[in-house]
Structure formats: structure tokens, C-alpha cells
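Trainee: I'm new to this one. Could we go through it together, with me asking why things are called what they are?

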Amino acid sequence: MRTGPVAAAGVLALALAGSALAHSLLLESSPATGARLAAPPPEISLRFNNRIEKKLSTIRLLDEGGAPRPVTVLAADGPVDRLTARVPSLPPGAWRVEWRVLSTDGHIVSGGFSFRVAR
Ligand SMILES: [Cu+2]
């Protein structure tokens, strides 16, 4: 009678480990979350724990009022686990990055963070 729940827990743990491995997670970004920069960043770069489908992934950059600032995602360049966007010169203030990527397991993962360019 005791093996039932134990076996079920083992299967659940395996299932969770499997989905975690396949799912894209943001490991680090440049600029970093909450960064205070003396100069505007020339690009935004996101590094994930595995390969992402770059052509189906996006980076949005929003100003303090929530208005988008166009950026150019470099879908063909760089390491397979990194998504980079070229950024036009930004005026000082708070900026928000919103990203959305397609994991290789077919799941869409999204998140966001902010940084500040000093006045
Ligand atoms: Cu997934």
C-alpha cells in the first residue's frame, strides 16, 4: 500500500523535471533588471537556458508612458540561446523591456523588466 503514493510522486517529479528542461527560462539580461545606466544601451540582450525560436520571438521596449520604441530583433545572429535587439539612442528615463519567446517545446514564455538611463 505504501508504494502507490511513492511511485506517483516519482512520476510527477519526472514530469516536472522534463517540462522544466524543455521550457525556456530567462537566465540573464543586458541591461540587467533594475539597472541604472550612465549611458543608453546600444542593444538589449536576453540569455535563456536553451535554444529559442528567434524568428517567432519578440522584444518590446516601452517608455515611461507605455509608448513603444521600435527596436530591431536580430533573429539570425548570435548564439541559439540568446535574443538580441538593436536599440536606437534612448533619452534618459525609465524603460521597460517586455519579451516573448517561443521555446523549442512549443510553449510561449514571456516576461519583463525595467532599467533606467540616468539624466
Ligand atoms: Cu515548455
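Trainee: In what order do the elements of the protein run from the N terminus on?

Mentor: This is a predicted model, and its elements run α-β-β-β-β-β-β-β-β-β. That fits the tally of one helix and nine strands.

Trainee: What makes S2 count as a strand?

Mentor: Strand S2 covers 36–37. A strand needs a DSSP run of at least two residues, so S2 qualifies.

Trainee: How do you know that S2 and S9 pair?

Mentor: At least two bridges are needed for a pair. S2 and strand S9 (residues 108–117) have two bridges, so they count as paired, in the parallel sense. Along that pairing, Arg36 stands opposite Arg116 in S9.

Trainee: What stands opposite Arg116 in S9 on the S8 side?

Mentor: That's Ala94. S8 and S9 pair in the antiparallel sense over ten bridges. They form a hairpin with four residues between the strands, where Gly106 takes a positive phi near 95°.

Trainee: How do you know that S4 and S8 pair?

Mentor: Strand S4 (residues 52–62) and strand S8 (residues 93–103) share seven bridges. The cut-off is at least two, so they pair, and the sense is antiparallel. For one example, Thr58 has Arg100 in S8 as its bridge partner.

Trainee: Why is the pairing in the sheet with S2 and S9 called mixed?

Mentor: That open sheet has five strands in the order S2-S9-S8-S4-S5, with mixed pairing. S2 and S9 are parallel, whereas S8 and S9 are antiparallel, so both senses occur in this sheet.

Trainee: What makes S2 and S5 the edge strands there?

Mentor: Strand S2 (36–37) and strand S5 (68–69) each pair on one side only.

Trainee: What is the strand order in the sheet of four strands?

Mentor: The order is S1-S3-S7-S6, in an open sheet with antiparallel pairing. Its edges are strand S1 (26–30) and strand S6 (72–73), each pairing on one side only.

Trainee: How do you know that S3 and S7 pair?

Mentor: Five bridges join strand S3 (residues 43–48) to strand S7 (residues 82–86). With a cut-off of at least two, they count as paired. Here Glu43 stands opposite Arg86 in S7.

Trainee: What share of the residues is buried?

Mentor: Buried residues make up 16% of the 119 residues in the protein. To be called buried, a residue needs 20 or more other C-beta atoms within 10 Å of its own.

Definitions and conventions
Residues numbered from 1 in each chain as written. Predicted model: local features only at pLDDT ≥ 70, side-chain atom pairs only at ≥ 80, totals over all residues. Buried ≥ 20, exposed ≤ 12 C-beta atoms within 10 Å, placed from the backbone.
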